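Me: Could you take a close look at one helix of this model with me? I would like to follow it from its own residues out to the parts around it.

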Amino acid sequence: MQKKVLLIGRNNSLLPILSNYEVEVISSVSFLDSVLFNFLPDLIIFDSLLGISVNDIRLVRREKRICTALILIIFDSCLGEGIITAISQFPRILLCHEIIAKTPNFLNKLNLILNKSEKTLLPKSSFSVKKAIFYIHTHFSSQFTREDVAIFCGISEDYLSRIFRKELGIVLWDYVILLRLQKARTQLLESNSTVSEIAKECGFSSDEYFNRMFHRHYKISPGSLRKGLAP
């Protein structure tokens, strides 16, 4: 049976990744009651462009018809540490950046959870993953290690790596690289900084490493992208 997804927000760029699901879209939780009369979602996606509040999450979790539905919060700008802590009190909530949400690995993980082939992490472990995400987004422009992230989360490196991949279907350091590349791509298109400056500002240890990672992911060099030579 086709799974049902309720998208709450205005980010239509998310619709292509949901083509395998039956989808309904509402602009805010104020329209929740009207849609639930004939549509009970397996997955509820909050687009953070809408502005996420703990009250929105609490409202969904108190609604008996959907209280166990998986919730996914997709953000472009990282949520504050306070709201991450607050939403982590609720079970079955995933949090990730939009660029990660569109990767095959994450979409496969989402499908496995929705089809009950895999379970979500318990809230305590899930909170550690969310803390790691917060750390990554607030430190992506500086040099840090997996150990630094683990220390911030108060857990071991190996345990962090296991639960991070189990939660999101992606290796922690791949998340870091994809985020840095996305930030760099935006700067290449919107700023006058040099390629070398952008590489440094986005946390890459050298120009050579940045160029190699950028070409591997986007199939074009940073310089060529800036010149409008994208394939």
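Reply: Happy to; the helix comes first, then its partners, and then the sheet.

The model is predicted, so local features need pLDDT of at least 70 and side-chain atom pairs count only at pLDDT 80 or more, while totals for chains, interfaces and linings use all residues. Residues are numbered from 1 along each chain as its sequence is written, and side-chain values use heavy atoms, with hydrogens and water left out.

The helix to look at is α6, residues 123-139. Helices here are DSSP runs of H or I with at least four residues, strands are runs of E with at least two, and both are numbered from the N terminus. The 17 residues of α6 should span 24 Å at 1.5 Å a residue, and its end C-alpha atoms are 24 Å apart, which agrees. The expected span is 1.5 Å times one less than the number of residues.

Among the buried residues of α6 are Ser125, Val129, Lys130, Ile133, Phe134 and His137. Buried means under 20% relative accessible area, with over 50% exposed and anything in between partly exposed (1.4 Å probe, protein chains only). The buried residues of α6 pack against β4 (70-75), α3 (81-87), β5 (93-97), α7 (146-153), α8 (157-168) and α9 (172-190).

Let's take α8 next. The axes of α6 and α8 come within 9 Å and cross at roughly 95 degrees. That makes α6 roughly perpendicular to α8; the axes are lines fitted to C-alpha atoms, for helices over the stretch in contact, and angles run from 0 to 180 degrees between N-to-C directions. Angles of 65 to 115 degrees count as roughly perpendicular, under 35 as roughly parallel, over 145 as roughly antiparallel and the rest as oblique. Residues of α6 including Ser126, Val129, Ile133 and Ile136 meet a set in α8 that includes Tyr159, Ile163, Phe164 and Leu168. Contact means heavy atoms within 4.5 Å.

On α9, Tyr175 is worth a stop. Tyr175 is buried, as are Leu172, Val176 and Leu179, among others in α9. Leaving aside neighbours within four places in sequence, the contacts of Tyr175 include Ile133, Ile136 and His137, along with Phe75, Cys96, His97 and Phe164. Tyr175 also joins Phe46, Ile73 and Phe164 as the residues that touch the most other members of the largest nonpolar core, which has 68 residues. Such a core is a set of buried Ala, Val, Leu, Ile, Met, Phe, Trp, Tyr and Cys residues joined through side-chain atoms within 4.5 Å. A second, separate core of 13 residues includes Leu181, Ile198, Cys202 and Met213.

Just ahead of the helix, Thr120 sits in the loop between α5 (104-114) and α6. Thr120 counts as buried at 18% relative accessibility, and touches Leu70, Arg92 and Ile113, not counting residues up to four places away in sequence.

That leaves the sheet. Five strands form an open, parallel sheet in the order β2-β1-β3-β4-β5, where strands pair if DSSP finds at least two bridges between them. β2 and β5 are the edge strands, each pairing on one side only, and neighbouring strands are turned by 20 degrees against each other on average, direction ignored. β4 and β5 run parallel and are joined by five bridges; Phe75 has His97 in β5 as bridge partner. Finally, α5 lies across β3, β4 and β5, running at about 160 degrees to β4.
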